[in-house]
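Here are my notes on the model you sent over. Have the structure open while you read.

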Amino acid sequence: MDMREVDLPGIGRKFEGITTRGDKVVVIVHDDGRREMHHYDDDDFDESISSVTFNDAEARQMAGILGGLSYKPKDLEKIELAFDDLVIEWFKVGQDSKVNNRTIGELDVRNQYDISIIAVLKHDRSKSLNPGPETRLEAGDTIVLSGERQNVRHITKALFSIEGGG
């Protein structure tokens with residue numbers, strides 16, 4: 001599903017998408033932590049036919065359910081076995097992060113941690129898929145890493161720990 005994001009000044013951010021079944025869904029994340037989810041009429045994408053509002057705790061619980069943390073469909077268990085211990089994680093670069101203002105080549109994460117940086121979502125919303133060693137990481141960027149679980153834990157502690165600002 002392609003998601004469209006729109007800033008709502010003074011309110012928060014709106015996420016809008018159309019599922020593969022053709023359902024339009026809008027989620028509004030308010031600055032105060034509330035989340036609204038709206039479902040739209042199939043024949044009139046301007047007409048909301050249902051909505052629900054979650055507080056922060058409810059939204060996180062619902063995200064866990066939707067994300068498969070509470071129950072994993074049987075077909076996904078087969079996929080997970082195929083990938084075994086491979087994980088994908090993302091981290092936001094903080095101002096005081098150990099990776100801030102350094103290039104991927106300088107960090108040498110592939111050799112040092114056996115991790116691949118598979119994407120960088122820049123703070124200006126541009127995207128770099130499979131970024132090269134010359135790609136500079138800056139505060140506000142989101143880095144998408146892929147590797148074995150224990151290697152991701154290692155790099156997290158070394159470069160993205162809270163103490164490191166990431």
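The points below start with the chain as a whole and then go to a few local spots.

1. First, a reminder that this is a predicted model. The protein chain has eleven strands alongside five helices. Of its 166 residues, 32% are buried.

2. On the surface side, the protein chain exposes about 11300 Å² of accessible area, and carbon and sulfur atoms account for 51% of that. As for contacts between residues at least 6 apart in sequence, 42% of them link residues at least 24 apart.

3. Now have a look at E3 (residues 24-30) and E4 (residues 35-40), an antiparallel pair held by five bridges. Val25 sits opposite His39 of E4. Four residues lie between the strands of this hairpin, and Gly33 has a positive phi near 100° there.

4. E4 also pairs with E5 (residues 48-54), again antiparallel, through six bridges. If you want a spot to click on, Glu36 has Thr53 in E5 as its bridge partner.

5. Further along, Ile88 belongs to strand E6 (residues 86-92). Is Ile88 buried or exposed? Neither, quite: its relative accessibility is 48%, so Ile88 counts as partly exposed, given that exposed means over 50% and buried under 20%.

6. Which residues does Ile88 touch, leaving aside neighbours within four places in sequence? The contacts are Ile118, Val144, Leu145 and Ser146. Take Ile118 from that list: Ile88 and Ile118 are 30 residues apart in sequence, with 9.0 Å from C-alpha to C-alpha.

Note on methods:
Residues are numbered from 1 along each chain as its sequence is written. This is a predicted model: local features need pLDDT of at least 70, side-chain atom pairs count only at pLDDT 80 or more; totals for chains, interfaces and linings use all residues. Side-chain values use heavy atoms; hydrogens and water are left out. Two strands pair if DSSP finds at least two bridges between them. Helices (H or I, at least four residues) and strands (E, at least two) are DSSP runs, numbered from the N terminus. Buried means under 20% relative accessible area, exposed over 50%, partly exposed in between (1.4 Å probe, protein chains only). Contact means heavy atoms within 4.5 Å. Accessible areas come from the Shrake-Rupley method with a 1.4 Å probe; for residues, only the protein chains shown count as cover.
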